[in-house]
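Biologist: Before we discuss this protein, I should like each descriptive term to be justified. Could you show the structure and then defend the vocabulary?

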Amino acid sequence: MRKAAPAPQVIAVVGPTAAGKSDLGVALARHLDGEVVNADSMQLYRGMDIGTAKLTVEERQGVPHRLLDIWDVTEAASVAEYQRLARAEIDRLLAEGRTPVLVGGSGLYIKGAIDALEFPGTDPAVRARLEDELAEHGPGPLHARLAAADPEAARAILAGNGRRIVRALEVIEITGKPFTANLPGETAVYDTLQIGVDVERPELDERITTRVDRMWEAGLVDEVRALERAGLREGRTASRALGYQQVLAFLAGECDEQAARDETVRATKRFARRQDSWFRRDSRVQWLSGAAGDRAELPGRALALVERAVTA
């Protein structure tokens with residue numbers, strides 16, 4: 001395919017789940033002779049395909065996708081490790097004169113890849129104490145403590161995500177500052193064009209419901225059963241993924257299958273709101289409509305933003 005006009009160093013396609021980021025990322029990478037660099041924290045895991053809406057090989061249309069399927073489900077996610085891997089892919093593509101297209105809705109992963117984000121150290125004693133509390137009391141009381149210490153962090157971190165709650169409380173205790181105070185502002189490492197895919201709430205909620213229905217029909221329960229045999233239940237990060245957490249509860253007899261399905265829809269809608277709020281806070285994101293009526297024109301409008309950024 002003929003290469004278009006020179007693009008910005010990095011393009012990041014961001015926004016809430018089910019907005020249409022993956023398809024737009026493929027279209028941009030094809031047009032700009034680039035590659036997609038995954039920035040969805042759960043698509044990093046091998047075997048988590050249906051529940052993360054991972055594009056099939058056919059849907060990728062020949063575009064290489066990097067940082068998919070690189071971790072076992074037993075591994076705990078690390079933003080610092082992701083930052084290292086993502087920047088290595090970005091630097092490689094830039095050295096080849098090609099366009100990295102970062103695609104995903106994990107806000108901290110996006111920020112870690114493109115912004116000046118350094119991670120506070122750890123204190124083994126503090127971490128061990130917090131993890132003991134998590135094991136004994138569950139994530140609820142720790143999330144309440146986080147809400148009192150840093151309301152913004154509590155809004156951004158799911159109440160059931162014990163690992164991230166523990167990390168936030170650890171950073172607060174080590175630094176004496178709110179967890180969010182340790183996050184950078186808008187200091188970029190790369191010249192990046194961030195494109196947000198915007199879908200109005202009623203349509204997005206409908207898409208989420210449809211997506212969950214399709215996941216169940218595609219065999220999500222069987223996928224979780226297979227991953228459970230591979231250690232999913234012991235994975236501190238992967239076991240908390242939307243859909244997977246709910247199916248694990250069903251398989252453990254904690255609820256029936258319909259309840260797991262309904263809770264997956266509700267939890268995904270809540271998560272989409274958090275994603276949208278995160279990216280709205282970044283003034284650099286340029287939003288384009290991903291509504292059904294605008295979907296056919298979305299790639300062209302995104303490319304117009306690319307060309308405008310180059311000209312500017």
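The exchange below sets computed values against the cut-offs behind each term.

Modeller: Please bear in mind that this is a predicted model.

Biologist: How do you know that the span of helix α11 agrees with its number of residues?

Modeller: Helix α11 comprises 24 residues, 257-280, and at 1.5 Å a residue it should span 34 Å. The C-alpha atoms at its ends are 35 Å apart, which agrees with that expectation.

Biologist: What makes D256 a cap of α11?

Modeller: A side-chain oxygen of D256 lies 3.3 Å from the backbone nitrogen of Q258, at the N-terminal end of the helix. A polar contact requires N or O atoms within 3.5 Å, and the 3.3 Å separation of this pair therefore satisfies the distance limit.

Biologist: Which elements do the buried residues of α11 pack against?

Modeller: Their partners include α3 (107-114), α8 (201-218) and β6 (286-289). Among the buried residues of α11 are A260, T264, V265, T268, A272 and D276. In the contact with α8, these residues of α11 meet a set that includes L204, I208, V212 and W216.

Biologist: Why are α8 and α11 called oblique to each other?

Modeller: Their axes come within 10 Å and cross at roughly 140 degrees. Angles over 145 degrees count as roughly antiparallel and 65 to 115 as roughly perpendicular; the crossing angle fits neither class, and the helices are therefore oblique. The crossing of α8 past α11 is right-handed.

Biologist: Why is S41 called buried?

Modeller: Its relative accessible area is 15%, and buried means under 20%; S41 therefore qualifies. S41 lies in the loop between β2 (34-38) and β3 (65-66), and it touches S106 and Y109, leaving aside residues up to four places away in sequence.

Biologist: What makes A53 partly exposed?

Modeller: A53 is found in the loop between β2 and β3. Its relative accessibility is 24%, and partly exposed covers values between 20% and 50%, so A53 belongs to that class.

Biologist: What is noteworthy about the phi of A53?

Modeller: Most residues other than glycine have a negative phi. Phi of A53, by contrast, is near 55 degrees, a positive value. L67, also not a glycine, has a positive phi of about 65 degrees.

Biologist: Is L67 buried or exposed?

Modeller: L67, in the loop between β3 and α2 (79-95), has a relative accessible area of 7%. The cut-off for buried is under 20%, and L67 is therefore buried.

Terms used:
Residues are numbered from 1 along each chain as its sequence is written. This is a predicted model: local features need pLDDT of at least 70, side-chain atom pairs count only at pLDDT 80 or more; totals for chains, interfaces and linings use all residues. Side-chain values use heavy atoms; hydrogens and water are left out. Helices (H or I, at least four residues) and strands (E, at least two) are DSSP runs, numbered from the N terminus. The expected span of a helix is 1.5 Å times one less than its number of residues. Buried means under 20% relative accessible area, exposed over 50%, partly exposed in between (1.4 Å probe, protein chains only). Contact means heavy atoms within 4.5 Å. A polar contact is a pair of N or O atoms within 3.5 Å; within protein, one must be able to donate a hydrogen and the other to accept it, and residues adjacent in sequence count only if both atoms are side-chain atoms. Axes are lines fitted to C-alpha atoms, for helices over the stretch in contact, and angles run from 0 to 180 degrees between N-to-C directions. Angles under 35 degrees count as roughly parallel, over 145 as roughly antiparallel, 65 to 115 as roughly perpendicular and the rest as oblique. A crossing is left-handed if the near helix is turned anticlockwise from the far one by less than a right angle, and right-handed if clockwise.
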